[in-house]
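Here are some points for a colleague who is about to look through the model. They begin with the chain as a whole and then turn to individual strands, the RNA and two single residues.

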Amino acid sequence: MSDTHVRTRIAPSPTGTPHIGNTRTALFDYLLAHKYGGEFILRIEDTDQDRSVPGSIEKIYEIHHFLGLVPDESPQVGGPFGPYIQTERLDIYQKYAQLLLDTGAAYHCFCTEERLKQLHETNKFAKYDRFCRHLSSEEVASKLASGAPFVLRAKLSETGFTVWHDLVQGKLSLPNTECDDKVLMKTNGIPTYHLASVVDDHLMKISHVLRGVEWLASTPIHLFLYEAFGWEPPVLAHVPLLLGPDKTKLSKRHGAKSVLEYAADGYLPEAINNFLFYLGFSYKDNSDLLTLPEMIEIFDETKIQRQNAIFDIQRLNYLNSQWIKKLSSADLFDRLKSFIPTDWSPEKVLQIIALVKDRAFTLKDFAPAAEYFFSTPTVESSAILAQSAHSSAETKAWFATAIKIIEDISDFSSTSLHEQLSEAQAASGFSPKEAFMSLRVAISGRNVTPPLFDCFVILGREETVKRLQAVLS
RNA sequence: GGCCCCGUCGUCUAGCGGUUAGGACGUCAGGUUUUCAUCCUGAAUAUCGCGGGUUCGAGUCCCGCCGGGGUCACCA
């Protein structure tokens, strides 16, 4: 295995925006390829035109771009084994389907939809009864000549076991009797997943097929095809699923979001990658902040957990808050652009970022925490008075003292303000909490803000005084 | 239902026959702080799903059971 050139692929179908569970598989595929210096390929499996949702492909590109899981080959950037969209490869599948027919690995099936439906009416778990498998060549020829619609089915072995070594699941063995003679080529001449993916994986020289465990049960069909073609099958790795908080498979119905939605909710790509990495994988205490290159270094495909992992938003929140703290204010400013009003001055925003980043969990937390710097809050005098047991007159006197200091102070800095206002507060008869909370409410209209004097500085001397004067006038 | 996979704190996990079963997130308490958050310290939370074996000794090996998940389309 060490001497094979590693090529992995993520092969989404454009039936909507992939949810975050699918993206975790993509991350693992990306890491596996890069760990061995190979290529990571993105292939679009759009063989089911009925379920195709316009715009899905663009969303898939967006996800990869956002997370930095950039494919080395894809419909977008091309590559030596294209096209990378299956509906553009239809003639290729035709050719290989014919090969299967020629070697007797596949057969024509003329069963109607109604007959198949009937089969399932008696038993909803019924397999295809292989009715057409035993048609004589004359019967097939005459049906074909009559123009009857048909599909191509795999002529699977009716005995024995399919055995293989799975990189994450270990040694696996499935009885062949459990497998169906699956449809390979549909009536409309378009292949199903089974045929298309096997042909493409081989033609695109995919060395490792790392995909979700939901594919485990159909692996015997894929292995059957490799053998029928006389091809060396790729290394297989089936990774566990992501479960919702209710321990059932993550799905749209359970509110499973796509990475794009998390991005819109203010989560950083670094945090999402990190979070996904730790779900089903272990490194130290699973809380180190890791970059993609670091993850590539650490990743070990043989150490992926076999259990399904439950999606826990609190861990994502933690990782996100840590990444936000780690980022420079300038970097954060760039990422904040779509989360704050465009008319806010960059200089001021930068100053505010430095104060707010330690208390933010997502990028969405910035705007609400900063808006009172840009618009004058409406503050009732009763709200000020509620901060202390002092009378209106006493509070006014304290404000007058504070305003005077702010107006006169030569060094309008947080430390100087702190020094002088604390001194005045001590002589005022107000407790620190009473004194400063009332000022806080006066300038911001709220009782939770970053450190008060830092807020004064950002507001500026003039605006601070203006707001303090306004409330008790 | 058949087949297959999985089963350590609420969550992600460490553990690879002998440990007081460890860490992180979360939770709670205390400290820091004029507020909130950050940060620091501490605490609680797992009879290792259950029951049998094997062994001097089992979370670690074997069997059964139970529980959870996946799959059984002309969907991927």
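1. Two residues are taken to be in contact if their C-beta atoms, placed from the backbone, lie within 7 Å. On that footing, among the contacts in chain A between residues at least 6 apart in sequence, 75% join residues at least 24 apart. The model is a predicted one, and this and the other values should be read with that in mind.

2. The secondary structure of chain A comes to 20 helices and 11 strands. The radius of gyration of the chain is 32 Å, whereas the globule rule gives 23 Å for 473 residues, so chain A is more spread out than a compact globule. Along the principal axes, its C-alpha trace spans about 105 × 50 × 35 Å. Of the 473 residues in the chain, 34% are buried.

3. Chain A is divided into domain 1, made of residues 1–75 together with 240–326, and domain 2, which covers residues 376–471. The C-alpha centres of domain 1 and domain 2 lie 49 Å apart.

4. Strands β3 and β4 deserve to be read together. Strand β3 (residues 106–109) runs antiparallel to β4, and 4 bridges join them. Within this pairing, Y107 stands opposite R153, and C109 has V151 as its bridge partner in β4. On the other side of the account, β4 also pairs with strand β7 (residues 183–185) in the antiparallel sense, over 2 bridges, and here R153 has V183 as its bridge partner.

5. Are the faces of these strands buried or exposed? In a regular strand the side chains alternate between the two faces of the sheet. In β4 (residues 151–154), V151 and R153 lie on one side and L152 and A154 on the other, and all of them are buried, which leaves both faces covered. In β3, A106 and H108 point one way and Y107 and C109 the other way, and these too are all buried. The charged residue R153 may interest a reader, since R153 is buried while standing opposite Y107 and bridging to V183 in β7.

6. Which residues come nearest to RNA strand B? Of the 61 residues around the strand, they are E45, K249, D285, S287 and F436. The elements that give two or more residues to the surface near RNA strand B are α4 (113–122), β6 (170–175), β11 (309–310), α11 (313–326), α18 (432–444) and α19 (452–459). Helix α18 gives the most to this surface, with 5 residues. By class, the surface has 25 nonpolar, 17 polar and 19 charged residues.

7. Two single residues complete the note. E419 is found in helix α17 (residues 414–428) and counts as partly exposed, because 14 other C-beta atoms lie within 10 Å. From C-alpha to C-alpha, E419 and G21 are 53 Å apart in space, and they are 398 residues apart in sequence. S136 lies in the loop between α4 and α5 (137–145), and S136 counts as exposed because it has 8 C-beta neighbours inside 10 Å. S136 and F66 are 70 residues apart in sequence and 55 Å apart in space, again from C-alpha to C-alpha.

How values were computed: Residues are numbered from 1 along each chain as its sequence is written. Chains are lettered from A and ligands numbered from 1 in the order in which they are written. This is a predicted model: local features need pLDDT of at least 70, side-chain atom pairs count only at pLDDT 80 or more; totals for chains, interfaces and linings use all residues. A residue is buried if 20 or more other C-beta atoms lie within 10 Å of its own, exposed if 12 or fewer, and partly exposed in between; C-beta atoms are placed from the backbone. Two strands pair if DSSP finds at least two bridges between them. A residue is near a molecule or strand if its C-beta atom, placed from the backbone, lies within 6 Å of it. Ala, Val, Leu, Ile, Met, Phe, Trp, Tyr, Cys and Pro count as nonpolar, Asp, Glu, Lys and Arg as charged, and the others, Gly among them, as polar. The radius of gyration is taken over C-alpha atoms; the globule rule is 2.2 Å times the number of residues to the power 0.38. Domain bounds come from an automatic or database domain assignment.
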